[in-house]
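This report introduces a protein model to a reader who has not met it before. It considers selected residues, the nonpolar cores, the aromatic rings and a group of strands.

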Amino acid sequence: MKISYKWLKDYLNFDLSPADLSLLMTNCGLEVERMEEWESVKGGLKGVVIGEVISCRTHPDADRLSLTQVNVGSGEPLEIVCGAPNVAAGQKVVVALPGAVLYQGDTSFEIKKTKIRGAWSSGMICAEDEVGLGDSHAGIMVLAPEAVPGTPAAEWFGVDRDIVFEIGLTPNRTDAISHIGVARDIRAALDARAFLQGEEISLEFRLPDVNAFRPDNEEQVITVEVMDPDLCPRYTGLTITGIQVGESPRWLKNRLLAIGQRPINNIVDITNFVLHETGQPLHAFDASHIPDNRVIVRRLHPGTLFTTLDGIERTLEGDELMICNTREGMCIGGVFGGIFSGVVEQTTSVFLESACFHPASIRRTSKRHDLQTEASFRFERGVDPEMTLYALKRAALLIREIAGGTISSPIQDVFPSVKPGKVIHTNQERIESLIGKKIGRPVTLRILKSLDFEVTEKIEGTYSLKPPGYRVEVTREADVIEEILRIYGYDRVEIPGKLTSSLSHPEKPGRHQIQVKISEYLTGNGFYEIMNNSLTRNSYFENNPDFPDHVSVRILNPLSRDLGTMRQTMLYGGLETILFNINRKAADLKLFEFGNVYMKEAGAPSDGKVTERFSEQFRLDILMTGRRYRESWYCGDETVDFFQLKAFVVNVLKLMGFSDSRLTLEPVSRGYLESGQVARSGDSDVFELGKVNQELLRKMDIRQDVYYASFDWDYIMKHLDRKTIRFSEIPRFPEVRRDLALLLDRQVRYEDIERIAMETGIKNLREVNLFDVYEGEGLEPEKKSYAVSFILRDAEKTLTDHEIDRIMERLIEALTRRLNARIR
């Protein structure tokens, strides 16, 4: 939000420099992100003066050029070559001196002393477009005879200068979305600073006077009916007739231009001026488009078509609050006007609206129709119902002053219920406890008074507080204490020299420690961590049996239609990331993501009704696609596969200290995975991995294989084994390796062989490894051959051949008996 330094001084008589004011605002919670100088003419006409043409003759070598002598009020007249057809002796003109920089749009050029067709030219006589004072280039500007040579052009033309602050306003500071609101904060901060320093200052806070407001007549009374008072707590309006729509005066245009607003016409400019002055949005309707002189605030039927000011036809969903006449909608209340509701050059009478709308309703409507306007920005955060009347009177008086006309109706003020102000209770001890410093009762009372709080103190140090109406966001004790602290000054609260903390030593590694450990392992193996939005598209879960739509958590006020649902899985976000990178020529990817997924589930019945509960689950996802190794002359085009992914999955579990002995692996039955495995422990799916379904990849426009694994991180963390680190000496005796070629049924898995071998209880069996698999020619149908190695070692001695043979016999007997294995 942009705030003008000069505009602030209209309301408060402070003497701070712009730099000091910037620091003060930042310290009291209005963070100044940028401060820049603004000029009504770009460049400020620096180096441009008024001159008088003393003589003018044709250039001897160019018929279209003139050689002039120009008096610029200092020293000898300047010799200037001019190409304008209307230059003549005796004229008062605008002269850019050597060194001056002129701007035309986004380009600039410096005036230099130069030779033109053999004649020296020490400056330039300017046309209005060359100095930013108009669009004409038909000839040079010829000024009034009373112009004095040497007068700075900025002074002659009244160039306005200002300092503009860009404030990063937090969403809760609805009171500061205006120049008057910011001026209030500056007054409070200056008053508190002076009080803490033992000084007294006189700060006059000046609001524009509206006591002169009176209706001129009642020739055109437009009545107002509010059919939805919950969505429109207050609606005020009046009619002004006989206006003349035209260009705004210079001061008004400069006020708006300084804060980045484009002047349109005097009526619209006044409503925008009052908006940025008071924070209260206004709308001026062309009264000729209000048949029967009635305005009705209501909702229209779902499916109603409505064309807004930007010419776009929009379909209403039925919960938008509309400002209507007796025949049709004229405006989406608090958001955007209709195509025929605006003020045009031919408008002679207006109905001026100043209202207060329900923030949640405006937010939903604004997001649904993708309409973010100055009005919706303020209504979404809440405006002061008491300000509607003041802003209406202020705008009406300005319109009558600038555009003429008469106020032709009394104010129509529909205010069904005046809500009593909220009373907040606190005490000095509580205030100082949260601030972290004893500031004293007098300071607290002075700050509360400067912030316009009504304070009742029945017992000394115990306060009953009523916030001012414009502080709609101050509802709790903590809000009040925050207000006191920011005006008192965060920098005045000293950092304590002592830090008190309690240390604990958990039996298991901390959740964060393990997450960091796994992240470091994966990144060390070439993975990139990604972080996708938890909000995703509704369409991913429509007609999706794996992630059914009825358990989706929908957002009531979505940022957009593509961000309307909380994700049930991180798979789709990961695939979007893969597509984004593939489209940018990065097709070899190894990615992982930690994050929550969200679901809706039925809760326990209550009073005969089934309630809805929401659950979230923390997960780790891994995705791999493209080449296995980085492209190089010594590496082939081998791509990632299921077994490479599984190796990373197994290693992640080992690093976490999770024992997989309790898990059973089953073939995956997921629509989004066409092959793979799921690891289960009881009724819980601990992790799943596999190849992403080709149909899903085609829908995502991905034309290469993607492998995916997903861990239930919450379950794994809950069931981590407590690991004790034991040290042992390096083995002194050698290992022995024996290999077996086993003929097995095709459905037998390697993990069955490993499990049975370990279950034999042979203490000298250290390791089992599968190093070859064969299926095909030479084997019986439905058979396969596994080549398995067994590593043996005794910690006390070297194994003899006899001992080795006995161990291998036991292994063969167990495998033969339990797996029907045959030795090849």
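## Leu190 and its surroundings

Leu190 has a relative accessible area of 6% and is therefore buried. The model described here is a predicted one. Leu190 belongs to helix α4, which covers residues 179–196.

When neighbours within four places in sequence are set aside, the contacts of Leu190 are Phe14, Leu16, Leu24, Ile201 and Leu203. With Leu203, Leu190 shows a C-alpha separation of 8.5 Å, the two residues being 13 residues apart along the chain.

## The nonpolar cores

The largest nonpolar core holds 74 residues, and those touching the most other members are Leu21, Met25, Val182, Ile186 and Ile267. Helix α9 (residues 387–402) supplies the largest share of this core, namely nine residues. Apart from this core lies another, made up of 34 residues, including Met624, Phe648, Val649 and Val686.

Leu21 illustrates the contacts made by one of these residues. Residues up to four places away in sequence not being counted, Leu21 touches Tyr5, Leu8, Phe14, Leu16, Phe165 and Ile186. Phe14 and Leu16 are thus among the contacts of Leu21 and also among those of Leu190.

## Aromatic rings

A search of the whole structure yields 18 aromatic pairs. In one of them, the ring centres of Tyr5 and Phe14 are 5.8 Å apart and the planes stand at 75°, so this pair is edge-to-face. Tyr5 and Phe14 are both buried. Another edge-to-face pair consists of Phe592 and Phe594, with 6.0 Å from centre to centre and 85° between the planes. Phe592 counts as buried because its relative accessibility is 0%; Phe594 counts as buried because its value is 9%.

Beyond these pairs, a cluster linked by ring pairs contains Tyr540, Phe541, Phe547, Tyr572, Tyr672 and Tyr708. Charged side chains also meet aromatic rings. Lys9 lies over the face of Phe14, 4.4 Å from the ring centre. Likewise, Arg737 places its charged end over the ring of Phe771, at 5.0 Å from the centre of that ring.

## Thr271 in helix α6

Thr271 is part of helix α6, which spans residues 266–278. The relative accessible area of Thr271 is 7%, so this residue is buried.

A polar atom of the Thr271 side chain lies 2.6 Å from the backbone oxygen of Val268. Leaving out residues up to four places away in sequence, Thr271 touches Leu282, Ala284 and Leu352.

## Strands β35, β36 and β37

Strand β36 comprises residues 673–681 and is mostly covered, with seven of its nine residues buried. Strand β35 (residues 664–667) runs antiparallel to β36, and four bridges join the two. Within this pairing, Thr664 stands opposite Arg680 of β36. The connection between β35 and β36 is a hairpin that passes through five residues.

Strand β36 also pairs with strand β37 (residues 684–692), again in the antiparallel sense, over eight bridges. Leu673 has Val692 in β37 as its bridge partner. Two residues lie between β36 and β37 in their hairpin, and Gly682 in the turn has a positive phi of about 65°.

Terms used:
Residues numbered from 1 in each chain as written. Predicted model: local features only at pLDDT ≥ 70, side-chain atom pairs only at ≥ 80, totals over all residues. Heavy atoms only, no water. Phe/Tyr/Trp six-rings, centres within 6.5 Å; stacked < 30°, edge-to-face > 60°. Buried < 20%, exposed > 50% of the residue type's maximum accessible area, 1.4 Å probe, protein only. Lys NZ or Arg CZ within 6 Å of the ring centre and 35° of its normal. Polar contact = N/O pair within 3.5 Å; in protein donor to acceptor, adjacent residues only side chain to side chain. Contact = heavy atoms within 4.5 Å. Core = buried A, V, L, I, M, F, W, Y, C linked by side-chain atoms within 4.5 Å. Pairing = 2+ DSSP bridges.
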